Structures are given as C-alpha cells and as structure tokens.
Amino acid sequence: MAASVPSKTVAGRFFEDFRLGQTIRHATPRTLNSGDASLYLALTGGRFAPQSAETFARAIGYPASPIDDLLAFHVVFGKTVSDVSLNAVANLGYADCRFLKPVFPGDTLSAVSHVIGLKENSNRQSGVVYVRSKGSNQRGETVIDYVRWVMVRKRDASSAAPEAHAPKLPEAVAVESLGEACPPIDRVVFDPELSGSPHRFEDYRAGERIDHVDGITVEEAEHQTATRLYQNAAKVHFNQFSEGQGRFGRRLVYGGHVISLARALSFNGLANAFHIAAINGGRHVAPLFAGDTVFAWSEIIETAALPRRDDVGALRLRTVATKNRPCADFPWREGEGFEPHVVLELDYWALAPRRP
Amino acid sequence: MAASVPSKTVAGRFFEDFRLGQTIRHATPRTLNSGDASLYLALTGGRFAPQSAETFARAIGYPASPIDDLLAFHVVFGKTVSDVSLNAVANLGYADCRFLKPVFPGDTLSAVSHVIGLKENSNRQSGVVYVRSKGSNQRGETVIDYVRWVMVRKRDASSAAPEAHAPKLPEAVAVESLGEACPPIDRVVFDPELSGSPHRFEDYRAGERIDHVDGITVEEAEHQTATRLYQNAAKVHFNQFSEGQGRFGRRLVYGGHVISLARALSFNGLANAFHIAAINGGRHVAPLFAGDTVFAWSEIIETAALPRRDDVGALRLRTVATKNRPCADFPWREGEGFEPHVVLELDYWALAPRRP
Amino acid sequence: MAASVPSKTVAGRFFEDFRLGQTIRHATPRTLNSGDASLYLALTGGRFAPQSAETFARAIGYPASPIDDLLAFHVVFGKTVSDVSLNAVANLGYADCRFLKPVFPGDTLSAVSHVIGLKENSNRQSGVVYVRSKGSNQRGETVIDYVRWVMVRKRDASSAAPEAHAPKLPEAVAVESLGEACPPIDRVVFDPELSGSPHRFEDYRAGERIDHVDGITVEEAEHQTATRLYQNAAKVHFNQFSEGQGRFGRRLVYGGHVISLARALSFNGLANAFHIAAINGGRHVAPLFAGDTVFAWSEIIETAALPRRDDVGALRLRTVATKNRPCADFPWREGEGFEPHVVLELDYWALAPRRP
C-alpha cells in the first residue's frame with residue numbers, strides 16, 4: 001500500500017516561501033451571477049438601490065445592476081487565501097484598495113498577487129508579507145487592486161530571512177483616482193424616495209457622526225455560508241473541531257463578513273453613498289463570533305469633489321463596528337487602543353450623488 | 001467634533017406622523033431573479049410545479065416559471081416596514097390582498113402605501129394605522145394590492161389625535177376579482193404525476209380538512225436569511241442583543257416566514273393548488289421562535305367556479321399552523337381564543353386546475 | 001363538519017405497494033439555474049474550476065459552466081424520496097450510477113424510477129426495494145441513471161410477499177461507459193494555476209492515498225437548506241419535534257450532503273479531478289449530525305485510460321469521510337466493520353485531464 005503523498009495537497013506557503021517580486025496566480029476563477037447577488041443580499045441585508053434594482057441602476061447610468069463592491073472584493077480576496085494566508089498568524093491590514101471597474105452578473109473574476117514586501121519579525125518565528133493583489137474580469141481588466149499584509153509563520157525559525165523591505169503605502173487613496181468604477185450618474189433622476197434618503201453629497205460635513213442604529217446577530221451558518229460563497233477556505237472559519245482546541249475555542253467570523261454587515265447597517269444614514277470607490281485602510285480590532293450582535297457608526301472624515309465630475313462627490317468615512325454594544329455614543333478609541341467592544345475600524349471612500 | 005446628526009437615520013414614523021390620505025413611496029426597489037427563486041425554495045421547501053419547473057409552467061400556459069406569490073408578497077411587504085411599522089407594537093392583520101399580475105425573474109418590484117385609516121387607542125399611548133399597499137413592476141402595473149393594519153406607538157401620549165377613521169374591509173376577496181394573475185391554464189396537459197397530485201378543483205369539498213402531516217423546524221440562520229432576502233429590516237427578527245432584553249428574550253420569526261412554511265407544507269394535500277389568488281385575512285396568533293417545529297392543516301371553506309373561466313377553480317382555504325404540535329386532529333380555536341400551539345390562521349383563495 | 005380525507009396526502013409506499021417492473025414518474029420537475037449553482041457552492045464550498053467559472057469551462061471545451069454533478073444527482077434523488085423511501089427504515093446503497101449528459105443552468109430535470117428488485121426480510125416486517133432511477137432533461141435525454149436499494153416497512157407483516165428478486169449489479173461501472181457527460185477537453189489550455197493543481201491523470205497511481213486535510217463543521221440551517229434545495233422531503237432531516245422522540249433524538253444530515261462536503265474537501269489534493277463520471281457504490285456507515293466536523297481522505301483504487309479518448313483519464317477513487325477526526329492516518333475499516341468515526345465510504349470514477 002502506497003504511502004501518503006502530501007505533496008498533492010496544499011499546505012500553504014510559509015514565510016520562507018515568499019520572494020520579493022514574486023507573482024502568484026490564484027485558483028479558482030469565479031463567475032458571479034445574479035444568484036450570488038441574491039445570496040449576498042440575503043446574508044448581509046444590503047438595501048442600496050443600484051445593487052438592488054435593475055431599474056434604478058439603469059436610470060442613473062449603469063448598464064445593469066452592479067455586483068456589490070464588497071462581494072467582488074471578498075471573492076478576489078478569497079482566491080488569495082490558499083496561496084498567501086493559509087499559515088497566517090494574523091491578517092494585519094489593508095491599504096490602497098481601489099475599485100476600478102464595475103462588476104456585473106456574468107463577469108468572471110480571477111486574481112493575481114505580487115509580493116511587494118517582506119519583513120521577518122524579531123523573534124524569527126514569523127514574518128510580515130505584503131502583497132498587492134489584483135482582481136481581473138474576463139476581459140483582463142483590473143476591477144480591484146489592493147494591498148494587504150499578513151503575519152505568516154516560518155517553517156523553520158533558523159532559516160535565513162530575506163532582506164527586509166516594507167513598501168511605502170498611501171495613508172489614503174488620492175481623490176484624483178476615485179470613481180473609475182462609477183459611470184456618469186444622472187443625479188436628477190436619482191430618486192430619493194426609492195433610494196431611501198434625501199441626503200446628497202453636499203448634505204454631509206466633515207466631523208459629522210452617524211449612528212446606524214440597527215444591530216444584526218450573526219449565526220454560524222450565516223458566516224460560513226457567506227465565506228464559502230467567496231470560496232475563502234481559511235480553516236478558522238469552518239472547522240469547529242480544530243478551532244475548539246485553539247486560541248478562542250470557537251470558529252472565527254471572517255473579517256470581511258463584518259465589513260459587509262457594517263456596510264449594510266450603514267444604509268441607515270448613508271443610503272445614498274451607493275458605491276465604495278476605495279478602501280484606505282481597515283483593522284480587525286477584535287474577533288467576532290457567532291451569537292454576537294454587530295452595531296456600527298460612521299464619521300465623515302472628509303468630503304471631496306471629484307476632479308472633472310459634477311455628478312457625484314466622495315465621502316471619506318470611518319465606519320466603526322462593535323459587538324454587543326449599541327453605538328449611540330460613538331464608541332471608538334480608548335487610550336492607546338480601542339474601546340473593548342470595537343471589532344472593526346474601516347476607512348474608505350464612498351460616492352454619493354450631488355444635488356441636482 | 002461635530003455632534004450626532006440623528007436626522008440622517010430613519011427613526012420610523014410614530015402614530016402622529018401618519019395622516020389620512022397620505023401617500024408613502026417606499027425604498028428600495030428590488031429586482032427578483034432566478035437566484036431569489038432558488039434561495040426562497042431552499043429556505044421554505046416549496047415544491048409546487050409551475051414555480052419549480054420552466055417546462056411545467058410553459059406547458060400549462062405561463063410565459064415562464066413565475067416567482068412564488070408569497071416571495072413577491074414578502075418583498076412588497078418588506079419595503080413598507082421602515083416607513084410603516086418600525087415603531088409598531090403589533091402587526092394586527094391583513095385583508096383584501098389580491099395578486100393581480102404574475103411576477104417573473106427579471107421583474108423589479110417597488111411599493112407605495114396609502115394611509116386609509118387611523119384610530120387612536122383609548123389609552124392614548126398608541127393608535128392603529130391602516131395602509132393599503134401596492135406593489136408594482138417595472139412597467140407600473142400593480143402586481144399585489146393589500147391592506148394591513150398595525151398598532152403604532154405615539155411619540156407623545158398627550159399629542160392630539162386625528163379623527164378616528166377605520167376603513168370598511170371586505171370579509172373576503174370577491175370571487176369575481178380572482179385570477180387576474182393567472183394566465184389561461186391548459187388543464188389537459190397539467191400532468192398529475194409531475195405536479196404531485198391527481199386531485200383537481202372538483203375533488204375538493206367545502207368542510208374537507210387536510211392534515212399536511214410534515215413538520216419543519218426553523219433555525220435562526222434560516223428565518224434571518226429569508227427576512228433579509230425580502231429586505232425587511234424589522235429589528236425584532238435580527239437583533240438578539242436588544243431582543244434578549246425584550247418581551248420574549250429572543251428574536252421573533254417574521255410572520256411571513258411562517259406563512260411561507262405553512263404554504264410549503266400544504267403541498268402535501270394541496271399540490272395542485274398552484275397559485276394564491278388572494279389573501280382574505282391572516283392572524284399571527286402566537287410568536288414563533290427558532291427551534292420550533294411548524295406543522296399545518298387546512299380546511300376547504302368554500303369552492304368557487306370563476307366567472308368566464310373553465311380552466312381553474314378557486315378553493316377558499318383556512319390554513320392553520322401550529323408549533324411543536326402535529327395537526328392530525330386539526331387544532332384550531334378553543335373557547336374565545338385559539339388552541340395554545342396555534343401560531344397562524346390564514347384565510348386565502350388558491351386556484352387549482354379543473355378536470356380535463 | 002367533514003372528516004379528514006387522508007387520501008389527499010402522500011403517506012408514501014409501503015413494501016407491499018411495490019411491484020417488480022413497476023414504473024413511477026416522480027413529482028416535481030425542477031429547473032436548475034445559476035442561483036442554484038451559487039447556493040450549492042455556498043453550502044458546500046466547491047472550488048472545482050469548470051463549475052466555478054464560465055471562462056474556464058468554455059476554454060476547456062464545455063459550452064457553458066456545468067451544474068455540479070452532485071447537485072444534479074441530489075435533485076434527481078430528491079424527487080424519488082416521496083415515492084420510494086418515505087417509509088424507509090434505511091437507505092442501503094447505491095450502484096451503477098452513471099452521469100450521461102452534462103446539466104447546464106436552464107435545464108429542467110425530472111425523474112422516473114423502475115422497480116427492479118424486491119426481497120422481503122426474514123422477519124416479515126420489511127423488505128428491500130431496488131429501483132433504477134433516471135433523471136432526464138427537458139429534451140428527454142437521460143442525464144443520470146443509477147440504482148439504489150432501501151429497506152421499506154411493510155404496512156402489514158402478515159401480508160403476502162412477492163417472489164424475491166435481487167438484481168445483478170456491477171461491482172463498478174465499466175471503464176468503457178465512462179465520460180459520456182464530458183465533452184472533449186482541451187488539455188493544453190487546462191490551466192494548472194487557475195484550476196489549483198499541476199497534477200494530471202498520469203500523476204496519480206493506484207494505491208496512493210491523499211489526506212484532504214481540511215474539516216468543515218455542519219450546522220442545522222446548512223444541511224436543511226441544502227436538502228430543501230434538492231426538494232428532498234424526507235422528514236428525518238427537518239423535523240426536530242418528531243426526531244427528538246426518535247432513534248437519535250436529533251435531525252439526521254442527508255447522506256448526500258455528506259457526499260457533497262467530502263467531494264468539496266477533496267479539492268485539496270484532487271483539484272483537477274473535475275468531473276464525476278460514475279458512482280460505483282456508496283455506504284453511509286454512520287449518521288452525521290449538526291455540530292459534527294467532516295474530514296475526508298481518498299485512495300486511488302485504479303487509474304484507467306478511456307477508450308478512444310486522449311484528453312482525460314479516469315481515477316477510481318474511494319473517498320472516506322469521518323466526523324470529528326482528522327484523516328492524516330487514513331482511518332477506514334476496522335475488523336469486520338468501520339473505524340468508529342467513519343461516516344461515508346464512496347467508490348466513484350472521476351475524470352482528470354491528461355498531460356498536454
């Protein structure tokens with residue numbers, strides 16, 4: 001009887017397996033269709049009008065109802081997991097994430113990552129890997145481009161480390177590069193009753209804080225189904241047998257699912273901020289588990305007119321999500337760290353129609 | 001740092017915010033596609049043939065497989081929640097609900113409500129609001145038209161009440177107005193083996209009772225996913241943090257989900273009653289919670305030939321659903337009220353093919 | 001008030017109700033669309049490239065992305081339940097299951113079963129029923145053909161039994177009849193990075209064992225939703241009220257869901273074994289319950305070139321699934337029976353591309 005041939009299974013890369021400049025094409029390409037959009041909506045509760053209704057999308061200028069920006073992001077992200085973060089100790093951050101083309105039902109996304117930074121940790125047990133990942137559609141057009149960095153275990157602490165290189169990352173995506181995935185929007189026909197809000201770009205002010213009021217409790221079946229929808233195979237989300245013996249004793253909710261829930265909750269107050277143009281940065285401050293109830297609030301960090309566009313403006317938002325704590329008093333940082341119930345801090349640019 | 005601007009979030013209308021004759025256009029329009037149909041089927045267990053198979057639907061006379069009547073109803077209902085019942089104490093009833101056009105994958109539904117009645121309660125803490133809601137498709141055709149009434153909190157008990165006005169509602173939808181959403185049906189090709197039953201309209205008799213036998217246990221992830229599919233944002237269904245401190249200590253299953261489960265269970269005995277033409281009235285007698293098992297039985301209240309149609313006949317049905325109690329002995333009323341396990345009483349008209 | 005009319009509900013056939021040579025056409029036909037594919041993927045975690053991406057499927061030779069073989073199988077199987085196994089004591093086995101045509105979104109499946117064997121048990125309480133079931137598409141082409149046998153209760157132990165007849169079944173599907181559902185595959189463009197593995201047919205050897213490494217925990221909401229997606233109405237999967245009083249005190253996960261999970265897990269090691277051409281046999285060795293974590297490993301039993309085809313080869317696989325036990329040491333049989341954590345043994349033929 002033959003012995004096991006472990007080489008046929010994917011064990012995931014360790015820190016030593018990455019090389020600066022390396023390019024990794026990821027499996028598996030994925031066609032997103034209207035069924036994925038329905039399921040995503042049902043798992044997160046999204047109500048933004050262009051993603052919900054063909055009629056609304058076409059009226060304002062889209063050729064069809066676009067796939068939710070975060071669904072497309074999660075699918076691209078999901079592909080990178082087996083190659084980049086299967087042996088990750090922690091997902092440290094995102095930066096410079098730009099949405100460059102709208103994704104429509106029928107589009108097929110695939111992903112490629114480039115290793116743009118490597119830095120061994122001082123304990124030599126692990127290192128930080130920086131990758132720039134690009135999601136492309138079936139025409140080869142980049143639809144999403146972002147950087148993330150993860151702490152990855154070394155196979156062998158004594159192995160030699162590459163020269164440290166940490167990429168220079170922008171603190172925020174520049175206003176000039178926002179809006180590429182957003183067609184010209186007809187702000188006159190953008191119907192405030194159908195969209196759920198009369199508030200336009202001009203109605204928001206830097207410093208304004210919005211409590212999104214509602215809370216949503218997460219079940220194991222929900223986050224597992226969502227994470228499988230993205231074909232993200234990270235074991236911490238699915239395997240109670242191993243996680244039961246692990247750090248938390250439980251399965252961890254995929255951080256992207258928390259982002260999606262916070263975004264869906266933000267409809268209550270930001271209903272017209274219909275498109276995420278860029279994610280400047282994101283931090284999963286604490287883990288979320290099934291049974292927890294997610295709340296969220298947002299602060300308008302900055303408002304920006306877009307060069308050469310008078311149809312939409314950009315709101316730079318910091319959305320903070322908590323678990324089991326309503327956000328009427330805007331919980332956030334505390335001393336050096338975060339208020340204990342905070343689970344997510346997300347800094348992003350969303351577009352909203354200007355006044356007609 | 002700017003203060004909260006609560007005006008950007010939807011707090012929902014209080015009793016004082018409604019005016020007789022008022023018209024409310026609801027957010028968000030919603031395109032229903034085949035993915036919604038699949039997910040609805042998977043969440044409820046529907047097996048009625050025209051909704052399940054394109055071939056069957058086309059053979060009997062539909063241009064395509066129609067979206068389940070109740071899925072369309074829940075989507076229209078869901079839109080009204082933020083504007084009508086966010087501050088509701090109780091959903092009191094439905095009446096005069098007519099299905100006027102079939103809904104097909106690709107159709108976009110939007111909803112408008114008219115306030116047709118207002119009646120302050122004697123304790124002055126709340127009042128009853130009656131709305132007639134209409135769901136329309138992208139061509140502006142009304143597909144569903146119904147009345148519901150809800151008890152809504154007052155913002156301020158001392159505020160003046162409008163003159164009381166309760167609309168006159170029909171006890172049942174008239175036979176003459178049934179069947180508008182049902183195309184001419186070819187009763188000869190309506191295949192009894194494929195549909196799951198040899199029983200035609202003529203085989204049912206007023207007074208006949210049918211135990212639907214099967215039971216179905218509801219999980220939190222299922223009713224939450226279903227309710228989000230309908231974009232119904234009523235917090236009692238999703239927020240364990242707040243509901244845990246509330247009346248029941250738990251999330252409440254959306255009453256419409258109970259109707260859908262009872263309808264799906266009714267396939268066992270009513271497989272050929274393929275279309276809901278009207279809902280005469282419905283009462284959610286007791287709450288349903290995750291973990292409960294739903295059973296159902298139906299009584300044929302009346303059978304009616306339809307004027308100018310010899311293809312289908314109408315069965316007026318009372319479907320009673322229970323929790324954690326099989327229905328072999330047809331549990332229903334008890335004294336002034338209901339047998340303790342009853343959760344739903346639904347009075348509706350369904351169409352079944354006549355004998356070839 | 002009229003009495004119950006139980007004849008309108010389906011009580012299911014008892015052993016006496018089957019006759020050798022009998023043909024049963026099953027309800028309800030079912031159109032599978034891209035929403036079903038999305039939901040199936042989200043419930044099981046499938047990542048095989050042709051089923052995931054239109055672009056990949058078309059590049060290698062499919063006219064469109066095919067519906068997962070097991071989704072089609074479960075839908076066909078589901079139809080047979082109400083007519084064949086509603087009163088089953090146990091599902092004893094499958095054999096000679098051949099996939100004869102690919103199924104694409106938009107196809108409508110219906111099912112017919114032929115009784116090919118009957119054998120009363122010596123205790124006269126029950127008997128074994130053998131059926132050959134065929135699933136057909138809307139053009140009347142058989143897409144799946146398989147035999148299963150179940151132990152069915154007798155209505156009356158004293159009733160006369162038919163003459164015993166057990167069909168002769170092949171131990172495995174012959175190599176000559178494999179591949180009918182697989183179009184000619186362009187093995188040159190079959191991209192190993194996109195598919196997730198460089199391993200071709202020629203890289204596998206009889207006797208080779210592959211641990212699929214990952215585990216997946218099953219929730220009640222997940223297996224119920226999957227089983228309803230297949231319109232499989234077997235009560236043991238849905239009704240906690242009755243099952244709570246039954247043999248296990250709990251709902252049983254549909255065995256087909258276990259097969260789907262094992263198949264999805266097998267991606268890690270068998271990513272290029274993209275199509276199930278035949279199932280030689282399958283045994284559900286022990287029940288699976290919600291909360292259990294499924295692991296799996298596979299052994300290559302045999303490799304076979306296909307006559308007249310140089311594009312793909314066939315791997316005969318034995319996939320063993322366990323609950324709550326990783327498979328690094330390949331748990332399987334123990335003495336006369338099975339290692340205690342084994343839940344499934346599946347013997348099947350999968351096709352993989354040959355070397356370019």
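A salt bridge is a side-chain nitrogen of Lys or Arg within 4 Å of a carboxyl oxygen of Asp or Glu. Keep that rule at hand for the exercises below.

This is a predicted model in which local features need pLDDT of at least 70, side-chain atom pairs count only at pLDDT 80 or more, and totals for chains, interfaces and linings use all residues. Residues are numbered from 1 along each chain as its sequence is written, chains are lettered from A and ligands numbered from 1 in the order in which they are written, and side-chain values use heavy atoms, with hydrogens and water left out.

**Exercise 1. Find the salt bridge between Glu208(B) and Lys8(C), and describe the interface around it.**

Step 1. Apply the rule to the pair: the closest N and O atoms of Glu208(B) and Lys8(C) are 2.5 Å apart, and the two form a salt bridge.

Step 2. Look across the whole interface of chain B and chain C, where the rule finds five salt bridges. There are also 23 residue pairs in polar contact there, both residues being at pLDDT 80 or more. (A polar contact is a pair of N or O atoms within 3.5 Å; within protein, one must be able to donate a hydrogen and the other to accept it, and residues adjacent in sequence count only if both atoms are side-chain atoms.)

Step 3. Ask which element of chain B gives the most to this side: that is helix H1 (residues 34-44), with eight residues. (Helices, H or I, of at least four residues and strands, E, of at least two are DSSP runs, numbered from the N terminus.)

Step 4. Sort the side of chain B that touches chain C by class: 18 residues are nonpolar, 18 polar and 12 charged. (Ala, Val, Leu, Ile, Met, Phe, Trp, Tyr, Cys and Pro count as nonpolar, Asp, Glu, Lys and Arg as charged, and the others, Gly among them, as polar.)

Step 5. Add the extent: 48 residues from chain B and 36 residues from chain C take part in the contact, which means heavy atoms within 4.5 Å. About 3400 Å² is buried between these chains, and carbon and sulfur atoms give 55% of that. (Buried area is the accessible area, with a 1.4 Å probe, that two parts lose on being put together, summed over both.)

**Exercise 2. Describe the side of chain B that touches chain A.**

Step 1. Begin with the residues: here chain B gives 36 and chain A gives 48.

Step 2. Turn to area: chain B and chain A bury about 3400 Å². Lys8(B), Arg25(B) and Arg228(B) supply 22% of what chain B buries against chain A, more than any other three residues.

Step 3. Pick out a charged pair: Asp191(A) and Arg25(B) meet in a salt bridge, at 2.9 Å from N to O.

Step 4. Name the elements: strand S2 (30-31), H1, helix H6 (220-229) and helix H7 (240-243) of chain B each supply at least two residues. H6(B) gives the most, with six residues.

Step 5. Finish with the classes, which are 13 nonpolar, 16 polar and seven charged residues.

**Exercise 3. How is chain B related to chain A?**

Step 1. Recall the general idea: two copies of a chain are related by a rotation about an axis and a shift along it.

Step 2. Lay chain B on chain A: a turn of 120° and a shift of 0.0 Å along the axis give an RMSD of 0.0 Å. (Copies are superposed by least squares on the C-alpha atoms of residues with pLDDT of at least 70 in both.)

Step 3. Name the relation, which is that of a three-fold axis.

Step 4. Find what lies nearest the axis in chain B: the C-alpha of Gly35(B), 2.2 Å from it.

**Exercise 4. Is His257(B) buried or exposed?**

Step 1. Place His257(B) in helix H8 (residues 255-265) of chain B.

Step 2. Check accessibility: His257(B) counts as buried because its relative accessibility is 1%. (Buried means under 20% relative accessible area, exposed over 50%, partly exposed in between, with a 1.4 Å probe and protein chains only.)

Step 3. List its surroundings: leaving aside neighbours within four places in sequence, the contacts of His257(B) include Leu43(B), Thr44(B), His74(B) and Tyr230(B).
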